[in-house]
Every structure is written in C-alpha cells, then in structure tokens.
Amino acid sequence: MKKIIAIYFSDSEPMGYPFQKSQYLERYQEIMIDLEDNDIDVYIVRGDSYILDGKFKKGWRFVNGILEESDGEIQADLIFNRDHLNTIPRITDCQIINQVEFDELCIDKIKTHEAFPDISPKTGYIHSYQAFIEQIQEWGMEADDIIVLKKNFLLEGRGVFILPIKEVTKDLYKDWDDILIQEFLDSSAGIPGIVEGIHDLRVTVVNGKAINSFVRTPKEGSYVANIARGGSGMALEIEKVPSEVIALISKIDKKINTYFPAIYSADFIYSGKEYKLLELNSRPGVQHRDWSKTYKKFHDALIDMLVEAVKK
C-alpha cells in the first residue's frame, strides 16, 4: 500500500493561503508531483479537519492542475506542517515534520534565546511599557542608544521596531504583552566580500545540512532586513557562506538533532566582530526559481527528507 503525506495549511479554503500566490501554487504542485513519482500519495489538508491518529476529515489532490476534493477521510502516514497561524492541534499521535516541540522552539523567540543564549543578542522579555523602562535602566542604556523591540509571535518583520530609546513611546504597541527587547547590533559594515551595509544572512537547513542561503538588506532608511517589509534579497551559494556561520549551524544542530527529521532557516547578523543568531524559522517558505538561483537544491533536499521520513 502506498504511503500518504498530508501537507497541512491553517487556511480552511481549498485555494486559500498560500495558493493565492502563483509561484507558491506552482511550487507545491511540483513538490507533490515529485513525491508522487516516489510512489507516495500526497494530499493538501486544511483548517480544523484533523481528527486523530493522522486522520483528516477530507483533503485535496491536484488532478491535471485542478485541486479536487477527496471522496472521504484521509489517513496520513506523515504530516508536513505548513501551518502559518499555529492552529494545528498538538499532534503526538502521528509522525509530523516539524515536531511540535521544535516548532514551538522556533516560533517562541524567547525560547530560541534561552536555547542559544551564547550566540544570541542580549535579550529581555517584557510585558508592559513600565517593564521596558526598567529593562533599559538595568542595562544602563542612554536615550540616544538604539534598541530592538519585537512582538514575540509575529512573522515577516511585523511588530519589529529598531529605533533610539528616546523615540520609544507608550503607544508604540497597543499591547505591550509578549515583547522582546534586544541589544542593537550594528551591521552597517556589511559582510566582507558578500554584502555592503545593513543586512541579515539566512541559511536554510535540512536535517542538519546547510542547503542554501539568502542575504537580505532593508529598504533605504530602515534597519529591518525583511522582504515583506520592503527589503530585498539575493541568493547565495552555500559554499560562499562564511565558515563562522556554518560553525554556528553545527552548534544549533547539536542541540536540536533529537527533533530530526527537521527543516528550518536561521537568520544571522555580522556586527563587524562576530556573527549572532537573530532567530529561527521552522517553516521556511518554499523557494521558487524566480526568487532564488539555488532553489533546486532546497527542493531536492526537501523531497529527499520527506521520502526518507515516510518510508522509514
């Protein structure tokens, strides 16, 4: 009997997120075709359709490019979790990539910092504006010093502010709960031979192997190097990633290898003296040829990981 992989999205609509974007739709179709070429059935499953023991109320498959609904329930052998809203139940009764505990380690930025304090920027966790005032006083910071503030559980650079302390006002956030306060690392010197000016360096990793990389830079006048916030990026061959960063990837993998098989990306910044880990992402977006000249390496590593995991 064929093995079944269920690719899970939180949006309940069959053609909902992320399929509104043509490149994502194209990439997931290619992923499903390559998995099916390995004698695996693949279904899209969505929303609150999870029942128990790897079973979903329904699913969808692409037939001649059209998404068609299943005749009944889907019994998955493996769930590939792409739930960007974190609505999937805490699944412990079916094999899932990524495992829930690793997913939570990456989503919760304070957990990431606690797991890797020696390679992360100095970080505090606050829940009020008054706590912000107390934290900067404890750190002995001045009004002109730059500080980084982040909403803990938001993605795509949302809720991130990098600004002088004197410009932080109580109405910066409507809700000051779950805020990370971090030291500002000046990356304006760039990375020699790779990028000039403010940046971050993203490395995608599959089962402990660094696959490919992106260098992201902010739009003019901003410190936030996130494409969703108007920044830009370029693909970087993994061979060109500095050895210090690869060493940090190895350090991360030694702590998380109990969660394998796993896929993630790690964002780093170079301060001119050393590299620091900014954050981990357990659901790096699928890569399209329009965005990355190294996308095929990521695609092949993803397929290999899923095939090996479901047939193990």
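Start at N64, which sits in the loop between strand 5 (60-63) and strand 6 (66-69). In this predicted model, N64 carries a positive phi of about 55° although it is not a glycine. As for solvent, N64 is exposed, with a relative accessible area of 79%.

Now step back along the chain to D53. Here the loop is the one between strand 3 (50-52) and strand 4 (55-56). Phi of D53 is near 50°, again a positive value in a residue other than glycine. D53 counts as partly exposed, because its relative accessible area of 45% falls between the 20% and 50% cut-offs. Why pause over these backbone angles? Most residues other than glycine have a negative phi, and most peptide bonds are trans.

That brings us to the peptide bonds. Going from I97 to N98, the bond is cis, with omega near 0°. N98 belongs to the loop between strand 9 (96-97) and helix 2 (100-107). Further along, F260 and P261 are also joined by a cis peptide bond, with omega about 0°. You'll find P261 in the loop between helix 5 (243-256) and strand 17 (263-270).

Last, a look at cysteines. C94 has a relative accessible area of 12%, so it is buried. C106 is buried too, at a relative accessible area of 4%. How many disulfides does a search of the whole structure find? Zero. In other words, the search turns up no pair of cysteine sulfur atoms within 2.5 Å.

Definitions and conventions: Residues are numbered from 1 along each chain as its sequence is written. This is a predicted model: local features need pLDDT of at least 70, side-chain atom pairs count only at pLDDT 80 or more; totals for chains, interfaces and linings use all residues. Side-chain values use heavy atoms; hydrogens and water are left out. Buried means under 20% relative accessible area, exposed over 50%, partly exposed in between (1.4 Å probe, protein chains only). Helices (H or I, at least four residues) and strands (E, at least two) are DSSP runs, numbered from the N terminus.
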